[in-house]
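Thanks for taking a look at this one with me. Below are a few points that may help you find your way around.

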Amino acid sequence: TRSSLREGIKKAGAIAKQEIDDTLGDEYDISDLLPGSLTLSIFYTFEDKFAEALFSFPKGSFDVGLNILKNKYSRFNRESLYENPYSIEWPELDGRYVFVERENRGDVWIRIGHRENVNILKKQEVANNNLQVLRSKAL
């Protein structure tokens, strides 16, 4: 749950930048915990179930993110290298996905997520956005 994950992240030494219960995510400064990293964003479903962790790194640090994941998970999906050499995915682990990617503007991310909960979150975001549009039209 959100509360137990928050507790564990802060116990590990992360500094909370944003922890607001009625939002879909929390953000932490983890630069002292994970050398070369900037922030950790954790996203949750409306029921406070973990959906995805997003670790951000400075531009140009793709190899840092890649080495972190290689050391932890070793094998990765080599087929993904042919599609995009800056987005490498590891085999799915118990419904979780793990990959490192570099966006066109150079930002580097490590994403670790629970596929089922991310799909729930996406549906909830769409429903919430539709509700906001209906409310704004009613005003």
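1. A good place to begin is a pair of strands: β4 and β7 run antiparallel and are joined by 6 bridges. Within this pairing, L54 has R111 of β7 as its bridge partner. Strand β7 is mostly covered, with 6 of its 7 residues buried. Please keep in mind that the model is a predicted one.

2. Stepping back, the protein has 4 helices and 7 strands. Read from the N terminus, the order of elements is α-β-β-β-β-α-α-β-β-β-α. Of the 139 residues, 36% count as buried. The exposed surface comes to about 8800 Å², and carbon and sulfur atoms supply 51% of it.

3. Which residues have the most contacts inside the largest nonpolar core? They are I9, Y28, I30, L40, I42 and F55, in a core of 14 residues. The elements giving two or more residues to this core are β3 (39-44), β4 (50-57) and β7 (108-114). Leaving aside residues up to four places away in sequence, I9 touches A14, Y28, L40 and I42. As general background, nonpolar side chains in soluble globular proteins tend to be buried together.

4. Now for the charged side chains: the whole structure contains 8 salt bridges. D26 forms one with R2, where the closest N and O atoms are 3.6 Å apart. This pair links distant parts of the chain, since D26 sits in strand β2 (residues 25-29) and R2 in helix α1 (residues 2-11), 24 residues apart. Are these two partners buried or exposed? D26 counts as buried because its relative accessibility is 2%, and R2 counts as buried because its value is 3%.

5. D26 also meets R6 in a salt bridge, at 2.8 Å from N to O. D26 lies in strand β2 and R6 in helix α1, so this pair ties together parts that are 20 residues apart in sequence. Both D26 and R6 are buried.

6. R6 has a further partner in D21, with the closest N and O atoms 2.6 Å apart. Here the link runs from helix α1 to the loop between β1 (15-18) and β2, 15 residues along the sequence. R6 is buried at 11% relative accessibility, whereas D21 is exposed at 58%. The salt-bridge network as a whole links R2, R6, K10, E19, D21, D26 and D48.

7. Finally, have a look at E116, which is placed in helix α4 (residues 115-138). E116 counts as exposed because its relative accessibility is 53%. Its C-alpha lies 8.4 Å from that of R96, and the two residues are 20 apart in sequence.

Conventions: Residues numbered from 1 in each chain as written. Predicted model: local features only at pLDDT ≥ 70, side-chain atom pairs only at ≥ 80, totals over all residues. Heavy atoms only, no water. Core = buried A, V, L, I, M, F, W, Y, C linked by side-chain atoms within 4.5 Å. Buried < 20%, exposed > 50% of the residue type's maximum accessible area, 1.4 Å probe, protein only. Contact = heavy atoms within 4.5 Å. Areas by Shrake-Rupley, 256 points an atom, 1.4 Å probe, with all protein chains shown as cover. Pairing = 2+ DSSP bridges. Salt bridge = Lys/Arg side-chain N within 4 Å of Asp/Glu carboxyl O.
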